[in-house]
Amino acid sequence: MPMQAAAPVPARPSTDSAAARATGLCKVHGHGETRVVALDEVSVEFERGRFTAIMGPSGSGKSTLMHCMAGLDRATAGSARIGGTELTDLNDRQLTRLRRDSVGFVFQAFNLLPTLTALENITLPSAIAGRRPDPAWLETVVAAVGLSGRLGHRPAQLSGGQQQRVAVARALASRPEIVFADEPTGNLDSRSGAEILGFLRESVRQWGQSVVMVTHDPAAAAYADRVVFLADGRLTDELTAPTAEGVLDRMRRYDTGARTS
Ligand code: ADP
Ligand code: MG
């Protein structure tokens, strides 16, 4: 057992209605000639128990926003909060602990460990934390994503869709404060993608999970309760109860606006 020498992450008061919140968030990559302002004073709230999609053109800062909010990257300025915890106040150990205890991730490339079984991948974060996952909850999550018969399989023995289901179960297993998914359907066929989107949506509906997902697909965004739009590192618009047509329409309007203004 490693020593738990890190100072505890400050307790989260449950008063904030947001599962996560950015305020004036800035991120600058590189220096001098290669300097890129990826986030330019972004302020946005990701509500508790809701499914939020982040959309925007390639390079608009979607992944950077997600990484700064999830504690995978540090902002240059501004505030990033998960529940009541200010990420910019945390040292590296506290940030690691927050990622482990309070955040679930789903990546486009699944990011499973190839030598571990599906079950071992799902329970790895709690194993690293020295905890045993709640067996009833684990069973609920595994059944929800339809993996009950495949827990002994290694990632190479699973389809892409099944691997991403493992990743979704891994993200949900610890009942994190918030789940961040960056293009979770980007490597999947449309049917497997729809399944993953359905699981994410059901985790919000049935369990009150808070989910934030980056996507460039209007059909995927339509699974969310709300869509926020980024362009050039700035939050430009949002849409509640989106439909795929509504999202497409909004994207087209942007195009026109950009050319005429
Ligand atoms: P998106 O996910 O919307 O495609 P990103 O957040 O990945 O956009 O990137 C936003 C901007 O920041 C882009 O101009 C990108 O080239 C730049 N960028 C992202 N990550 C880095 C990095 N590690 N170093 C330098 N520039 C980066
Ligand atoms: Mg990206």
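Strand β6 supplies four residues to the lining of the largest pocket, the largest share of any element. Keep in mind that this is a predicted model. The pocket is a good place to start.

Its volume is about 440 Å³. In total, 14 residues line the largest pocket. Nearest its centre lie Arg99, Arg100, Phe105, Pro125 and Arg170. Find those five in the structure, and the pocket's centre is located. Which elements each give at least two residues to the lining? They are α2 (92-102), β6 (103-107), α3 (118-128) and α5 (160-173). What mix of classes do the lining residues show? Seven are nonpolar, four are polar and three are charged.

Now follow α3 away from the pocket. Its buried residues are Ala118, Asn121, Ile122, Thr123 and Ser126. An α-helix has 3.6 residues a turn, so residues three or four places apart point the same way. Keep that rule in mind when you look along the helix. What do the buried residues of α3 pack against? They pack against α4 (135-144) and α5. Just after α3 comes Gly130, which takes a positive phi of about 75 degrees.

Ile122 leads on to the largest nonpolar core, which has 40 residues. Six of its members touch the most other members: Phe51, Ile122, Val168, Leu200, Met213 and Val227. The largest share of this core comes from α5, with seven residues. Recall that α5 also helps to line the largest pocket. Take Leu200 as one example. Leaving out residues up to four places away in sequence, Leu200 touches Phe51, Val168, Ala181, Pro184, Val211 and Met213. Another core lies apart from this one. That second core has 28 residues, including Leu90, Leu98, Phe180 and Val214.

Finally, turn to the strands. Strand β1 covers residues 18-29, and strand β2 covers residues 36-47. The two run antiparallel, joined by eight bridges. One of the paired positions is Ala22, whose bridge partner in β2 is Val44. Between the strands of this hairpin there are six residues. Gly30 in this hairpin takes a positive phi near 70 degrees.

Strand β1 has another partner too: β4 (residues 77-82). How many bridges join β1 to β4? There are five, and these strands also run antiparallel. Here Cys26 has Ala77 as its bridge partner in β4. In a regular strand the side chains alternate between the two faces of the sheet. Look for that pattern as you trace the strands.

Technical notes: Residues numbered from 1 in each chain as written. Chains lettered and ligands numbered in written order. Predicted model: local features only at pLDDT ≥ 70, side-chain atom pairs only at ≥ 80, totals over all residues. Heavy atoms only, no water. Pairing = 2+ DSSP bridges. 1 Å grid on protein atoms, 1.4 Å probe; cavity = no way out; pocket = protein on both sides within 12 Å on 5 of 7 lines; lining within 4 Å. Points joined across faces, edges and corners; volume = space filled by probe spheres on them. Nonpolar A, V, L, I, M, F, W, Y, C, P; charged D, E, K, R; others polar. Core = buried A, V, L, I, M, F, W, Y, C linked by side-chain atoms within 4.5 Å. Buried < 20%, exposed > 50% of the residue type's maximum accessible area, 1.4 Å probe, protein only. Contact = heavy atoms within 4.5 Å.
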